[in-house]
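The exercises below are meant to be worked through with the sequence and the model side by side. Try each task before reading its solution.

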Amino acid sequence: MPKTTIHLVRHGHVENPDRVLYGRLPGFNLSARGRAQAELLGRHFAPVPLAAVLASPLERARQTAAAIAAPHGLEVEADERLTEAGSLFEGVAGNLAWYVLRHPGTWWKLRDLRTPSWGERNVDLAERVQAVVTSARERFPGQPVALVSHQAPIWVARLAYERRPLGHWPGRRRCSLASVTTLEFDGDQLGRVVYEEPAAAALAGAAPGRAGG
């Protein structure tokens with residue numbers, strides 16, 4: 001059976017001076033550091049013989065994916081199933097805790113981590129990302145593919161693949177900006193999950209040229 005590698009890549013840092021919970025809102029692009037992270041991701045994946053690069057249709061994901069696809073001469077394929085998780089708090093600016101305190105009627109929306117009660121169900125999130133992974137494995141058996149998405153979709157899909165409970169506190173996700181969560185399949189079976197942060201230096205402020213690929 002062919003061994004297929006799927007790289008789940010989170011987009012880079014976003015320009016967001018007003019600290020808006022942007023979710024699926026349009027118009028949020030990579031910041032200067034985000035572009036540096038995307039450049040480092042491009043270098044990281046340059047020696048990897050990628051068969052395809054798919055991305056969420058949101059700007060920050062497409063921009064990150066473009067940097068990964070460029071060294072391979074690939075076109076980025078948009079896939080709606082890789083988009084950000086839906087949230088009832090989308091568009092809230094500033095500190096979410098202060099917003100909730102000022103609007104007590106929203107407290108009920110935070111009652112359940114398992115669903116979660118404030119947005120798209122984790123089970124639906126996992127199913128749509130896993131569907132993209134399955135499709136990529138079927139289209140490109142034995143080849144590596146990069147899927148550029150967002151923190152919640154990547155993390156919940158990982159929990160599902162590792163057969164862990166999907167309910168979790170968002171602050172405990174291990175899926176940093178521009179990180180790579182790699183799924184290694186042997187046929188239909190998941191062999192292992194590998195997590196890397198090849199572009200962390202750009203977020204810390206180091207010059208892109210000084211970071212390893």
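A salt bridge is counted here when a side-chain nitrogen of Lys or Arg lies within 4 Å of a carboxyl oxygen of Asp or Glu. The model is a predicted one, in which local features need pLDDT of at least 70 and side-chain atom pairs count only at pLDDT 80 or more, while totals for chains, interfaces and linings use all residues. Residues are numbered from 1 along each chain as its sequence is written, and side-chain values use heavy atoms, with hydrogens and water left out.

**Exercise 1. Salt bridges**

Task: find which residues form salt bridges with Glu-162, and state how accessible each partner is.

Solution: Begin with Arg-158, whose side chain meets that of Glu-162 in a salt bridge with an N to O distance of 3.2 Å. Next comes Arg-164, which forms a salt bridge with Glu-162 through N and O atoms that are 2.6 Å apart at their closest. For accessibility, buried means under 20% relative accessible area, exposed means over 50%, and partly exposed lies in between (1.4 Å probe, protein chains only). By this scale Arg-158, at 11%, is buried, whereas Glu-162, at 28%, is partly exposed, and Arg-164 also counts as partly exposed, at 36%. Elsewhere, Arg-24, Glu-120 and Arg-128 are joined into one network by salt bridges that share partners. The search of the whole structure finds 11 salt bridges, including one between Glu-184 and Arg-192 with closest N and O atoms 2.6 Å apart.

**Exercise 2. The surroundings of strand E1**

Task: determine which strands are joined to E1 by bridges, and in which direction they run.

Solution: Helices (H or I, at least four residues) and strands (E, at least two) are DSSP runs, numbered from the N terminus, and two strands pair if DSSP finds at least two bridges between them. Strand E5 (residues 180-186) is joined to E1 by 7 bridges, and the two run antiparallel; within this pairing, His-7 has Thr-182 as its bridge partner. Strand E4 (residues 144-149) is joined to E1 by 6 bridges, and here the strands run parallel, with Pro-144 as the bridge partner of Thr-5. As a last step, consider burial: strand E1 (residues 3-10) is largely enclosed by the rest of the structure, because 6 of its 8 residues are buried.

**Exercise 3. The whole chain**

Task: state how many helices and strands the chain contains, and what share of its residues is buried.

Solution: The chain holds 6 helices and 6 strands, which follow the pattern β-α-β-α-β-α-α-β-α-β-β-α when read along the sequence. Of its 213 residues, 46% count as buried.
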